[in-house]
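Visitor: I'm new to this structure, and I'd like a close look at a single part. Could you walk me through one chain and what surrounds it?

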Protein chains: 2
Amino acid sequence: MSKAERTKQFIIEQTAPIFNMKGYSGTSMSDITEITGLTKGSIYGNFENKDEVAIAAFKYNVKKLQDAFSREIDKQTTFKGKLLAYPQLYSQYATMKVTKGGCPILNTATESDDTHPVLRKYAERTLIYWKEKIISFIDQGIAAGEFKAKAIDTERTALTIIALIEGGVMISKLTGNLNDLSNIMQSVKKVIEELE
Amino acid sequence: MSKAERTKQFIIEQTAPIFNMKGYSGTSMSDITEITGLTKGSIYGNFENKDEVAIAAFKYNVKKLQDAFSREIDKQTTFKGKLLAYPQLYSQYATMKVTKGGCPILNTATESDDTHPVLRKYAERTLIYWKEKIISFIDQGIAAGEFKAKAIDTERTALTIIALIEGGVMISKLTGNLNDLSNIMQSVKKVIEELE
DNA sequence: GCAAATATATACCAATCGGTATAATTATTT
DNA sequence: AAATAATTATACCGATTGGTATATATTTGC
């Protein structure tokens with residue numbers, strides 16, 4: 001890894017939490033130079049503009065979260081277990097700390113949907129990828145005989161799980177009450193158990 | 001209503017959709033003068049600062065949404081009917097248009113939770129008020145014999161309904177697919193029906 | 001309808017915004 | 001180790017940020 005590549009990575013790692021907390025328009029170039037200890041010359045030598053830093057930061061935050069979930073999902077042998085990894089991990093406070101500032105999809109979606117089409121598209125792609133993954137787990141669970149085949153609307157179930165998680169993150173971040181999140185994760189658990 | 005009061009109201013009405021779409025830090029004073037056709041002197045003659053305009057705009061957006069729901073809720077004679085008003089109204093596109101830019105609680109919460117304690121507090125109060133209202137409907141429904149008393153965690157049910165709605169709004173605004181929202185509202189309906 | 005009070009417009013402020021040209025420095029290659 | 005290439009710092013750019021002092025209109029109470 002060249003010096004430039006290491007610096008680029010360093011900038012991404014340092015700014016990712018800032019973008020996730022303050023948002024795209026709330027994060028300034030001076031925030032970026034301040035947190036990294038670098039100058040504008042260095043930032044603009046490694047990135048085209050603020051947009052590129054924001055996009056890289058978003059991707060970094062998403063990957064960090066996905067990796068944390070993948071590690072837990074891979075441990076599970078059943079598809080029900082894999083699905084339950086989501087509410088299980090979100091019931092713990094640690095997960096909220098993986099990406100400082102809450103869920104990057106939620107944050108980026110609500111900020112960019114009416115203002116920043118490029119970021120919006122990245123958030124949308126990530127959401128759809130997540131949805132497809134959940135659908136795939138349900139389908140595989142049906143094929144494996146874990147879940148009852150009929151009377152399952154896979155798309156709706158996947159959307160319901162995601163909506164509960166995202167809504168739950170919003171609520172618990174707003175109230176500062178982690179109990180709210182684990183309470184809602186109980187409902188996610190129930191949705192998954194009803195697939196049987 | 002004095003001239004000043006009318007102007008103040010005019011500013012609020014005009015800027016409310018802007019704040020809801022672009023957010024607090026994304027909306028500039030020039031956005032405000034542009035949309036109202038007024039000058040800075042006029043804005044600052046009626047409001048202390050940008051914060052005050054944002055807070056007034058938030059309150060206006062919330063009230064507009066609450067009024068739309070109250071109208072529907074008041075029509076219903078049963079408590080189940082009152083609760084079902086939420087998924088029913090959100091299944092229609094019209095509701096999304098009442099407050100341009102989506103749910104003001106969601107937008108304000110995700111932007112302000114790490115950055116703007118004053119706006120955060122307003123969003124939190126609104127959320128808690130909403131939760132208490134749902135809990136009250138469930139409690140009254142139990143007292144009226146509509147819902148089965150035991151095995152209902154009212155707090156959890158209320159949080160689940162809100163999380164589904166907020167998550168659903170986020171998803172459908174991100175994908176641009178209204179089907180996603182009505183799909184998730186089906187799950188809200190199910191949660192309410194399970195109270196019986 | 002005239003004064004006093006109020007509201008709006010104009011012109012300005014320092015600070016900060018994102019971004020760039022160029023100079024100085026540091027890695028890398030030979 | 002020298003030459004070259006790549007990276008980072010400095011100094012600056014015009015535009016825009018939120019906000020204010022003051023002058024000019026416009027309401028309002030009498």
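Guide: Let's take chain A, which has 10 helices and 0 strands. Keep in mind that this is a predicted model. If you read along the sequence, chain A runs α-α-α-α-α-α-α-α-α-α. Its C-alpha trace spans about 60 × 40 × 30 Å along the principal axes. Chain A has 196 residues, and 43% of them count as buried. Now look at contacts in chain A between residues at least 6 apart in sequence: 64% of these join residues at least 24 apart.

Here's a pair of helices to zoom in on. Two packed helices are described by the angle between their axes and the distance between the axes. In chain A, take helix H4 (residues 50-75) and helix H8 (residues 117-143): their axes come within 10 Å and cross at roughly 15°. Angles under 35 degrees count as roughly parallel, and H4(A) and H8(A) are therefore roughly parallel to each other. Their crossing is right-handed.

Who touches whom there? H4(A) brings Asp51(A), Ala54(A), Ile55(A), Phe58(A) and Val62(A), and these meet Val118(A), Leu119(A), Tyr122(A) and Thr126(A) of H8(A). Sorted by class, this contact of H4(A) with H8(A) has 7 nonpolar, 1 polar and 1 charged residues.

You can find a pair like this in chain B too. Helix H4 (residues 50-75) of chain B packs with H8(B) at an angle of about 15°, their axes 10 Å apart. That makes H4(B) roughly parallel to H8(B). H4(B) also passes H8(B) in a right-handed crossing. On the H4(B) side you'll see Asp51(B), Ala54(B), Ile55(B), Phe58(B) and Val62(B), which meet Val118(B), Leu119(B), Tyr122(B) and Thr126(B) in H8(B). The residues of that contact split into 7 nonpolar, 1 polar and 1 charged.

Next, see how the chains meet: 38 residues of chain A are in contact with 38 residues of chain B. On the chain B side, at least two residues each come from helix H1 (3-22), helix H7 (104-112), helix H8 (117-143), helix H9 (154-175) and helix H10 (178-193). H9(B) has the largest share of the side of chain B that touches chain A, with 15 residues. By class, that side of chain B divides into 13 nonpolar, 14 polar and 11 charged residues.

That leaves the DNA. Around DNA strand D there are 21 residues, and the closest are Ala4(A), Gly41(A), Gly45(A), Ser28(B) and Met29(B). In chain A, helix H1 (3-22) and helix H3 (40-46) each supply at least two residues of the surface near strand D, as do helix H2 (29-36) and helix H3 (40-46) in chain B. H3(A) gives the most, with 5 residues. That surface near strand D comes out as 4 nonpolar, 12 polar and 5 charged residues.

Now turn to DNA strand C. It has 21 residues around it, and Ser28(A), Met29(A), Ala4(B), Gly41(B) and Gly45(B) come nearest. Two or more residues each come from helix H2 (29-36) and H3 of chain A, and from H1 and H3 of chain B. H3(B) gives the largest share of the surface near strand C, 5 residues. By class, that surface has 4 nonpolar, 12 polar and 5 charged residues.

Note on methods:
Residues numbered from 1 in each chain as written. Chains lettered and ligands numbered in written order. Predicted model: local features only at pLDDT ≥ 70, side-chain atom pairs only at ≥ 80, totals over all residues. Near = placed C-beta within 6 Å. Helix = DSSP H or I, 4+ residues; strand = E, 2+ residues; numbered from the N terminus. Nonpolar A, V, L, I, M, F, W, Y, C, P; charged D, E, K, R; others polar. Axes fitted to C-alpha atoms, helices over the stretch in contact; angles between N-to-C directions. Parallel < 35°, antiparallel > 145°, perpendicular 65-115°, else oblique. Left-handed = near helix turned anticlockwise from the far one by under 90°. Contact = placed C-beta atoms within 7 Å. Buried ≥ 20, exposed ≤ 12 C-beta atoms within 10 Å, placed from the backbone.
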